[in-house]
Structure formats: C-alpha cells, structure tokens
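Me: I am in my first year and would like a close look at one part of this model, with the surroundings explained afterwards. Could you take me through it step by step?

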Amino acid sequence: MPKIFIDGKEIEFKQGQTIIEAAKDAGIDIPHFCWHPSLSVSGNCRICLVEVEKMPKLVIACSTIAAEGMVVYTQSQKTLAARNAVMEFLLINHPLDCPICDEAGECKLQDYAYEHSIGESRFVEEKVKKEKRVPLGPRVMFDGERCISCSRCIRFCDEIAKDPELTFVQRGDRVTITTYPGEVMDNPYSMNVVDICPVGALTNTDFRFKARVWEMSATKSICNGCARGCNIDIWVRNNEILRLTPRHNESVNSYWMCDHGRLNTFKFVNDSSRIDSPHIRKEGQLVKVGWDEAFAEASSRLKSFSKDEIAVIGSAFATCEDNYLVARFAKSVLGTGHLDFIHHNDPSFEDDILRRSDRTPNSLGAKLVGVRPSKNGLDFNSIIKAISERRIKALYLVEDDTIQNDPEIENILAKLDLLVVHSTNYNKTTDIADIVFPASTYAEKNGTFVNFDGMIQRIKPAVSTLEADRALEGMAMSRLDKFGTRWDRWAQGVKFDARPTWRIISGLSSVMGYKFKYNMAEEVFKDIASGITSFNHLDYDIIGEQGFKIKASVLEKEILE
Amino acid sequence: MAEKKRLKDLSIWQKIYIPEIFKGLALTFKNMLKPKFTMEYPEEKFIPPASYRGRPVLVQEENGEERCVACGLCSRVCPALAIEVQAAETEREKERYPERFEINMIRCIFCGFCEEVCPEEAIVMSKDYELAFTNRQEAIYGKDKLLVPVSQLQDRIEFLRNYK
Amino acid sequence: MSLIEILIITLIKILIILTLTLLTVSYLVYFERKISAWAQNRLGPNRVGWEGILQPFADVFKLLLKEDIVPNKANKVIHSLAPMVALFVAFTTYAVIPIGPNVQIFGYDISLVVADINIGILYVLALTSLGVYAITFAGWSSGSKYSLLGGIRSSAQMISYEISMGFSIAGVLLLSESLRPIAIVESQAGWMWNAVVQPIGFITFFVSAFAETNRLPFDLPEAEPELVGGFHTEYSSMKFAGFFLAEYANMIIASALITTLYLGGWQIPYIEKLGLADWLVTVFQVGSFFIKVGMLLFFFIWIRWSIPRFRYDQLMNIGWKVMFPLSLINLVWVAVLIMIFN
Ligand code: SF4
Ligand code: SF4
Ligand code: SF4
Ligand code: SF4
C-alpha cells in the first residue's frame, strides 16, 4: 500500500483517496465544512487547507489526491494562519445567533471558532441582512444569515435524494439558498440536510426550539419504521423522546434516514394513548389491575380451552427475544401450533434508497426465532378463517393491531371467547380485548431486530418504564437525569407501568406452571444463540453498535427448512 | 542568623495569664458601652449596594416583553441546576422566547453565574433577599415572579456594564 | 416557737427563696444574652415586651411546646432522672445560704436562711458532688457517644476541681472555726473579708467555681465543636430546660457561696458606725448581699464573653498542677496567719 506522511506520521492509504480521506481513516481530523464522506467534493469552504511539502501554495485536503510519499502538515504555522483567516471570513457575516440557534452545541462553526479563531471580530461594518425563517419545505426551515454556503444541502438533494430541489442564488456576500421556482423541498429524505448542515441554517421544524442538545441523552438504537432498520440515536429529555437522528452505519443506512422514520416512529412512546399497567375487561369495561391479578386471570382463562382452540400471533414489531419466548410459550406452555405473525407490506413505501415495503423492523427475526406455524398448525389467514368458523376460540396477540390493518377482521375477532393482547398503546384491538398487557415500546427495552438483509442489530432502552431505573439499567443519562430529584419539575417525566413482551410471557408462564429463568433480555438472546443456527455464537457484544450480518447461505437454509 | 521570635514565645506576663485576662475583660467591657449597629429588620431594611447578589430575576422591557431568548445557557451554567427553561417559537424578531422559565429558589445558591453567562443581559441579580416559603412548590418561581421591569434594575445593570 | 410556727416560717422562706431563684435564673438567661450582645456591639433580645423583658417567658413557653425526644437506645428512667437530679441539687443548696442577719418580724426572731444548720458547708459540698451524678447519668443514659464523652469529661473535671475547691474552703474554715455559714459570715466582720485575708484561696475558689458550674472558660462538657452539645446532646424540651436552668441556678449558688465565704456575706464594713435604725441596716445588708451576688453573676457572664475555652489537657493541667498546689499554699498561709495572730 502507498504511504503518505501527515504531521510526521506514516500513513497507508488506498489509491485514489484524497488527503482528507486518508487522514480520516488514520484518525486524524482535518477541519472541514463542505466536505462530507458521502457527498461529492465541492471544495468551497477552504477550511481544510493544509501545507504539502514541495507545493508552492496551501492545498485543500478534500480534493487533493494523496500521492506516494506526500508530506502533509495539518498543524503548521501556515495552515493555522490560513484556518484563522478562513474562520474570520466565515464569521464576517455570520450573525451572533448562537443563543437562539438550535444547532448550538453541535455546530461545526461554533467548535472551529473555539479551536481556530482569534476570538475577536475586526469587522466593524454592518453585517449583511438576509431572510431568516424561510420554510424550504414542510419539514425544513432555512435561515439565510446563518448559511455558510457550503452547498452540502444542494449536493445531498442532487446526489442522495436524487431530487434536485435546492440551488444557490445571488453572488458574493449576498449568496443564499433557495428552492427551484415552483419546487418545495419535500423529498422523503429532506430532513437529512438538517443533520449535514454544518451550521444552524437548516432546522427541523418538528424539533425546533424543543430542547438544547446538551440537555438530552442520546441512546443508540434502530428505527422501527421499516425493514431497513436504519441506525439511529434516540434523544431523550425528562424521559420523553424529542427527536431521532440517523447514526452512521455504512452497511445499512450510511448517514441517512427517511423523514417518515424520523418523525413518525417515536411519538407514540410518550403519547397519552399509552397503556399504563395491565387491564382486564369487567362488565364491558377495561379495568386497571395489578400484574399478579392479570397473570392469574389470563392463566385460568387460557387453561379453559383445549390446545387446538388457541392461536398465538407474534409480532414483527417486537424483538427477537420477545418473539422467541412467544414461540416457546405457544409450543411448550399452550401446546398449540397455530402460530404466526402479521406481515405489513406496503409497496408504495418502497424506494431504491432506503425505504422498504415491509413496514416492520423485525419480520425476518420473528420468522427466524420460530414464530411460524408448526407442521399442522395454521398460518395467520387460516387462523382468522378458523376464528370465523369458531374452531379457534382464544387468541393471544402480541404487539400488533390486527384491526387497524384490516377492519373486516373486527367482526371476526368479536366471535372469540378470549382475546389476550400485548400492546403499547390503546388501539382498535385493545378496544375489544379481554385482557390487555402493557408492552414496553422499542425505546424502552433491550433486544435485537433482524433487518430484511439479515443484519442483526441491537436496540437499547432510552426511556425508562416504571420499574426501570436509568442508573441501574445503565441507560444513557443526561446531566438532568443524574442530578434530578423527585421535587424537580424537570425530572418528573412520565413513566409507564409497562414490561417488555418477553418478561410478560415469562411472568405468565410461571403462573401457568412453566418457568423461564430469564432476568435480562441478554439471557434470552443467549438461548436464541445456542438454539438457532443463524444466531450461533453471537452475543450482544459481538453484535455491537454496527450490527452483525447473518451469512446469506445460513439464512437461506434456515428460512427454507 | 538571629533567632526568630515566635508567636508562642510568650513573655512572663503573658504566661501568668491573669493580666491577659484582665486585658480581655477590659476590651469586652469597653465594647459594651459602644454604640450598637444592629439593624432592626422588619422596620428597618437593609438596602444593598448594586454589587449585592439577591435573587436572580428576568429583565422585562418597557413593552412588557422579556429579554430572555431561552438560550438555556443560564440553565446549563447553573451549578445548582436551579433553572429550567423551555423555549418556544414566537413571531418576534428574536424567534424564540421562554415559554416556561422557572428558578427553584431552594436550589439557587446566589452565585450569579446565570447573570454572568447570559448573552442578552436578561437575567440579573436583584436586591431582593426576602425569600421565605412554606413548601417546595412555592419555592419554584415562574415567570410571573421572575419578571421585573427594567426600570427597577438600572442599578445592577449599570454595575454590570462597569465591572463585568 | 412551736413546731408549727417553725414549719410555717420555713415554708414561707422556702417559697420566697425558690421564687427568687427561679426569677433570677430566668433573668440571668436574659442578661446573659443582653450582655453578650452588648459585648459584641449588638442589641440583644428586644422584641418580647419592653427591651425584650419578657423574653425569658417566651423561651420557657417555646421549650414547653417542644416535642420531648428520647433516643431509642436511651435508658429511659435514668434519662429522665438526670435533669431532675440536676435541678434538685441546684435548688436545695440554697437552703443553707444566709442572705442577711437575723431579723425581728412580728415578734419572731427570724434568721434569713432557710436552714441554719451547723454543718452547712459540708451540706453544700455534699450536694455539689451529687451534681456530678446528674451529668454522668445524662451522658451515660442517652446512649450516644457524644453525650457519654461529654458526661465523662465533666465528671472528671468536676472531681478534679472539687479538690482545690475543698482545700480553699478549708482555709476559710480554719479562720472561722465553724461549718455554719452564718458563723463564717460573722467571722468576716469589718474588712476581715476572706478575699482580703487569703487572696490566693479566693482566686482558687473562684476559678474552681467556674469549673464546677461548667462555665466558660471551663465549659468543656458542652464543647459544641467537638462534642456537638456535650452531655445534653440528646435532650430536648423541658428536660433540656432542666439542665439549662440548673446551670444558671448553679451560677447563682456559686456567686452566693463566694459572697458568703469570701466577700463577707451580707455585711457592709463599719455600717454600724453610721448609727442608722436597725431595720434600715438590715435592709442595706440584705441589699448588699444581693448586690455582691449580682456583681459576681455579671462577672461570670462577662468572663464567658471574653475568654476562649481551655483545651481538655490544659484544663486538667491547671486543675492539678496549678489550682491544687495553690490551694495548699493558701492553707499553709492561713495556718501561718493563725499562728502569728493567735
Ligand atoms: S444551508 Fe447549511 S448545508 Fe446548505 S449551504 Fe448553507 S450551510 Fe451548507
Ligand atoms: S428507511 Fe425505514 S428504517 Fe430507515 S428511517 Fe425510514 S422507515 Fe426507518
Ligand atoms: S442565559 Fe439569558 S437569554 Fe439565555 S435562557 Fe438564560 S436568561 Fe434567557
Ligand atoms: S445564581 Fe447561581 S445558583 Fe442561582 S440560579 Fe443563577 S446560576 Fe443558578
């Protein structure tokens, strides 16, 4: 491999890499605004100027191809002076907006101003006034004064979203961003520009002014909006999710996520429709009861049916751990083979960027861990048919809303003698359920999802339930979480009395006389890993933050069998 | 090198102790006859100088609006985590304002950091030291109690401009 | 006088002395606060009544209304007994202190002392050594290390200083040749005050009195910085008030004793030469007793707000290595005096 020297360090690089890329791979950070690893090089911000031996002038690291034996200095006198100068130019017309800017705290301009600027302005003239608060599209707001004209947003629309909508207009210090005439920026990936904008020029209309970044904790998790399973960070303050941002994972979602995932997959977590503690239907009404009472009731009523009258429906929204126990519960405890989960396919959602037509995060995982009919068992459609023929009288439904999916089913389900439901929120199915167990959402539990591609990925709790203590569970904690007391209004966030499905199942099983000895989701996963070929030899550490991809050959064999 | 005289090398008179006792007694007796400077509080109030750090308040402009833009810096810098700011959007020029601004006066230690960090000169230490509550909830001051017209805070603002 | 008459007269005397002491005690507290304030250029209590004159009553009401807390590990009986012992000792000592010469009222010849017993001084010594028990009880029964340490310190302190106190008194007794307080007073006629005749004994007794009453600079049993509150750490409400009152009552006793033993008791030198009416002389004499006691009390308080506390080792050093030999020297001095003048 060819080598270059950066700051005296010998570094190997791949042919064709630019200096900035080679440096990045070696863990050396060269300041940059307009360069982005997933976008084309534009080279207009000039902050990445570095000194290269034998070159007459400083060169920009983002577009200079590294060559064998090049000697690069990123901290030399000349480079630092150049950076200072670039910062000074950038700040000439930049407003003193940090106090009202959402980007403050995660702003590149702010960071570099601390690192590379003299800290004082020599500019006494009037700054250029531009338009602030311009909605570029329904989900993105633009502030002309803050823009440093790096063109990242333009390149994103052109190259990633493949939907050119943005462009520069005007020249010199009047230059600004706008949409093409007659266009709005409403592509399904538009909000990624908020993340890549190095300053606060583009803001998320949904999150605008909700919180400062340093008040929130970030938890690494997975989007549950479709089978892609984009890697995300869940940002929480006072036990409430305030925003999701994409997390880099080159083999899944790169730096991006879709607007649907970003906006519509977390609000139910803190919604008022959340189910708090188990409920039993008494005289037509769902009544709040304790866990023990609900378990006892479910146990005695399930036992009154013969094995063939019971069907169990797992969930592609639940984790592998949840589904694994659901499958074992059905087969070992209830002794039924009528076991399946519901597929939520929406071809109109799919595109060739990230979105998949399978709108659930874990249908492959559910299938792999055993949520499928056994030899003589019924699949989902046959179960529904059997219910309408009253051959199946009891249904155990996990984390899914059957009726929402298909309203006709409502009349069919009404024929059931017993409907037990695990659900996070009230929905049409819980409206007719006899026993409702409150399930933790994906943001409240540990577990794994398997995406359409066979990528096993971890989710982690970001929001605490009633039983969970942030510190004891090792959850991400912001400063407010660490120091809040129960008398501080900023630490009194709502906590729901909900449990992850696997815990509900193991609780119910032990009441029914079958003991699962699991205390943590990790222990369930250990069993999965030892029992199911695709998961062999895996544990949470191996999966890590970037996931683990099941070999296609293994996957194929397992699904076919 | 000459021996240094140490404090604990007492003279013989000091060692006998009795004369020293009388010196002390004389001193206290003299003080008994001196004028007193007790301030009889509820009737007679201490009016602090501009440098005094009483409870932090929010500056209210003449038009009734607060200066605060809800940047949350005071909340971040507050060593006692006394301040909670919830921002929201407004139509005003400065886009954001504090929808809720609460200072927990039980937590506050009157350090003045909030005042020092505020980029808008929106939170200043007042001269108000009369703080008493009968329960924890009462001690959380909302915007209603925090907003004080700028005219009443001129003293402090001038002080800050001169010395900050 | 019949027995009944004697009983009634004694009862009346007891009543008068008791009210007097109680009142003085409460106002002593008031003056303590006032004087400390003045010494520190403050005003002191001035809210309840004119210049705070009713403050003592407010204090008492406050203490009465406080919850009485007894620690779990305390020995309940002894815990409540301790303040009673303290009070008992403090008040019964007054019985033998004469506040004036005999007077004629309604034809009765009345001595201005509750119990004119001829071993009065022994009685006083006996009772003050009982006082140690109150403190030891309190310290031990509270079931708290702070109380225990406080209690132990103070017993050690009191026992140590009782010795020099006893030897100082021995000097007085040698001169008066009686254990009867009235006789002692009378033996100091004219300027023959013991304070003048045996100044060293006066000083040792004086200092020991401070130590005995646990007043600054000898208030180690209560040393707040080291022992929280000393032996009464675990006391609250009226039980605490009991100790509090006892401390001040002890101060009064100490002052009265000093007056009796060293400052000529009620006597005013050469007052008989003025040729005043008998009753007027008596009034002056009783007044002089109270003035002497009052000045001593002021001195007690004054000292408290002027001098810092001794360290425990210093306290013991002074007790054994200074006060004790000094009182012995005094004894020798008195013996020499007697040899020369007899
Ligand atoms: S809006 Fe942001 S991303 Fe777009 S050009 Fe301006 S600074 Fe760059
Ligand atoms: S593409 Fe799918 S997984 Fe990714 S953010 Fe959108 S909904 Fe979520
Ligand atoms: S620092 Fe000033 S402007 Fe910012 S939130 Fe606090 S008071 Fe408001
Ligand atoms: S004065 Fe100090 S403690 Fe009080 S609110 Fe301001 S920063 Fe917090």
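Of the 14 residues around ligand 1, which come nearest?

Reply: Happy to help! Please keep in mind that this is a predicted model. The nearest residues around ligand 1 are A:Cys147, A:Cys150, A:Ser151, A:Cys153 and A:Cys197, out of a shell of 14. By class, that shell divides into 11 nonpolar residues, 2 polar and 1 charged.

Now let us go on to ligand 2. Its surroundings include the cysteines A:Cys223, A:Cys226, A:Cys230 and A:Cys258. Among the other residues around ligand 2 are A:Arg228, A:Met257, A:Phe349 and A:Arg355. Sorted by class, the shell around ligand 2 holds 7 nonpolar, 3 polar and 2 charged residues.

To place ligand 2 within the chain, look at the domains. Chain A is split into domain 1 (3-90), domain 2 (98-103 + 124-270) and domain 3 (279-461 + 497-553). Ligand 2 lies between domain 2 and domain 3 of chain A because each of these domains gives residues to its shell.

What does the meeting of those two domains look like? Taken over C-alpha atoms, the centres of domain 2 and domain 3 of chain A are 35 Å apart. Domain 2 of chain A brings 36 residues to the contact, and domain 3 of chain A brings 27. About 2600 Å² is buried between domain 2 and domain 3 of chain A, and carbon and sulfur atoms give 56% of that area. In domain 2 of chain A, the residues that lose the most area to domain 3 are A:Tyr189, A:Ala227 and A:Arg228, which together make up 24% of what that side buries. You have met A:Arg228 already, in the list of residues around ligand 2.

There are also polar links across this domain boundary. The count between domain 2 and domain 3 of chain A is 1 salt bridge. A:Lys220 and A:Glu545 form a salt bridge, with their closest N and O atoms 3.9 Å apart. In addition, 17 residue pairs are in polar contact across the interface of domain 2 and domain 3 of chain A, with both residues at pLDDT 80 or more. On the domain 2 side, β11 (217-222), β12 (231-237) and β13 (240-246) of chain A each supply at least two of the touching residues. The largest share there, 4 residues, comes from β11(A). By class, this side of domain 2 has 20 nonpolar, 12 polar and 4 charged residues.

Next, let us step out to the neighbouring chains. There are 2 pairs of chains in contact, and chains A and B share the most contacts. Chain A and chain C have no contact, and their closest C-alpha atoms lie 28 Å apart.

Between chain B and chain A, the contact takes 28 residues from chain B and 23 from chain A. The area buried there is about 2300 Å², with carbon and sulfur atoms giving 45%. B:Leu81, B:Glu95 and B:Arg96 supply 29% of the area that chain B buries against chain A, more than any other three residues. Charge is easy to spot here, with a count of 8 salt bridges between chain B and chain A. B:Arg107 forms a salt bridge with A:Asp488, and the closest N and O atoms are 2.6 Å apart. The count of residue pairs in polar contact between chain B and chain A is 17, with both residues at pLDDT 80 or more.

Chain B has a ligand to look at as well. Ligand 4 is surrounded by residues including B:Cys78, B:Cys108, B:Cys111 and B:Cys114, along with B:Phe110 and B:Phe113. The shell around ligand 4 divides into 10 nonpolar residues, 1 polar and no charged.

Finally, chain C touches chain B through 16 of its residues, which meet 18 residues of chain B. About 1500 Å² is buried between chain C and chain B, with 66% from carbon and sulfur atoms. C:Asn41, C:Arg47 and C:Trp302 lose the most area on the chain C side, together 38% of what that side buries. The rule finds 2 salt bridges across the interface of chain C and chain B. C:Arg47 turns up again in a salt bridge with B:Glu40, at 3.4 Å from N to O.

Notes: Residues numbered from 1 in each chain as written. Chains lettered and ligands numbered in written order. Predicted model: local features only at pLDDT ≥ 70, side-chain atom pairs only at ≥ 80, totals over all residues. Heavy atoms only, no water. Contact = heavy atoms within 4.5 Å. Buried area = accessible area lost by both parts, 1.4 Å probe. Salt bridge = Lys/Arg side-chain N within 4 Å of Asp/Glu carboxyl O. Near = heavy atom within 4 Å. Nonpolar A, V, L, I, M, F, W, Y, C, P; charged D, E, K, R; others polar. Domains from an automatic or database assignment. Polar contact = N/O pair within 3.5 Å; in protein donor to acceptor, adjacent residues only side chain to side chain.
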